[in-house]
Amino acid sequence: MIPVRPLPGFPRTKSQADALQKIERLTLAINLDVPAEVIVDRIRGRWTHLPSGRVYHTEFNPPQKPGLDDVTEEPLIQRDDDKPEVVLKRLETYKANVDPILEYYRNLGILQEFHGKESNEIWPRVHAFLSRFMQPQSGPF
């Protein structure tokens with residue numbers, strides 16, 4: 001088994017990726033590729049009860065009464081950063097920043113990409129792939 005050290009969300013720039021590679025030679029980089037419209041649809045349905053932090057989703061975890069918190073029956077809100085137009089803008093920025101990093105790792109021959117729309121579609125493939133390099137611990141890894 002090879003040593004595995006997860007660095008989720010890092011590096012954030014190509015220059016960070018290059019500097020990291022000089023300090024510690026990476027042998028694997030993973031990218032989870034989910035279509036933007038899937039991400040927007042998932043976030044669009046998220047509603048929050050601000051005082052408690054309880055989060056609902058119109059499709060996956062709907063409140064008992066639409067628009068109201070299950071415990072207090074206070075109104076739920078959709079945070080500004082959960083609105084589709086804001087999510088799309090954030091995804092555009094993310095793509096502009098991550099594409100050069102993906103290309104860098106692709107050129108090094110260490111990028112493994114997983115495409116899909118749902119966790120239960122992507123995770124089994126990621127798990128099977130990572131199991132070739134490390135023994136699963138308690139939990140996923």
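## Exercises on salt bridges and chain shape

At 24% relative accessibility, Glu113 counts as partly exposed. The model is a predicted one, and the exercises below begin with the partner of this residue.

**Exercise 1.** Determine which residue forms a salt bridge with Glu113, and state how far apart the closest N and O atoms are.

*Solution.* Step one is to identify the partner, which is Arg106, with the closest N and O atoms 2.8 Å apart. Step two is to test this distance against the cut-off, and the pair qualifies because a salt bridge requires a side-chain nitrogen of Lys or Arg within 4 Å of a carboxyl oxygen of Asp or Glu. Step three is to classify the surroundings of the partner: Arg106 has 38% relative accessibility and counts as partly exposed.

**Exercise 2.** Work out which residues are joined into one network by salt bridges that share partners.

*Solution.* The network consists of Arg46, Arg79, Asp81 and Asp82. To follow part of it, start from Arg79, whose side chain meets that of Asp81 in a salt bridge with an N to O distance of 3.1 Å. The side chain of Arg79 also meets that of Asp82, here with an N to O distance of 3.6 Å. A search of the whole structure, for context, finds twelve salt bridges.

**Exercise 3.** Classify Arg79, Asp81 and Asp82 as buried, partly exposed or exposed.

*Solution.* The cut-offs come before the values: buried means under 20% relative accessible area and exposed means over 50%, with partly exposed in between. Arg79, with a relative accessible area of 34%, is therefore partly exposed. Asp81, at 30% relative accessibility, likewise counts as partly exposed. Asp82, at 1% relative accessibility, counts as buried.

**Exercise 4.** Describe the order of helices and strands along the chain, and compare its radius of gyration with that of a compact globule of 141 residues.

*Solution.* Begin with the secondary structure, in which there are four helices and four strands, arranged along the sequence in the pattern α-β-α-β-β-α-β-α. Turn next to the radius of gyration, which is 19 Å for the chain, whereas a compact globule of 141 residues would have a value near 14 Å. The spans of the C-alpha trace along its principal axes add to this description, being about 55 × 35 × 25 Å. Finally, consider burial and contacts: buried residues make up 26% of the 141 residues, while residues 24 or more positions apart account for 54% of the contacts with a separation of 6 or more.

Notes:
Residues numbered from 1 in each chain as written. Predicted model: local features only at pLDDT ≥ 70, side-chain atom pairs only at ≥ 80, totals over all residues. Heavy atoms only, no water. Buried < 20%, exposed > 50% of the residue type's maximum accessible area, 1.4 Å probe, protein only. Helix = DSSP H or I, 4+ residues; strand = E, 2+ residues; numbered from the N terminus. Rg over C-alpha atoms; globule rule 2.2 N^0.38 Å. Contact = heavy atoms within 4.5 Å.
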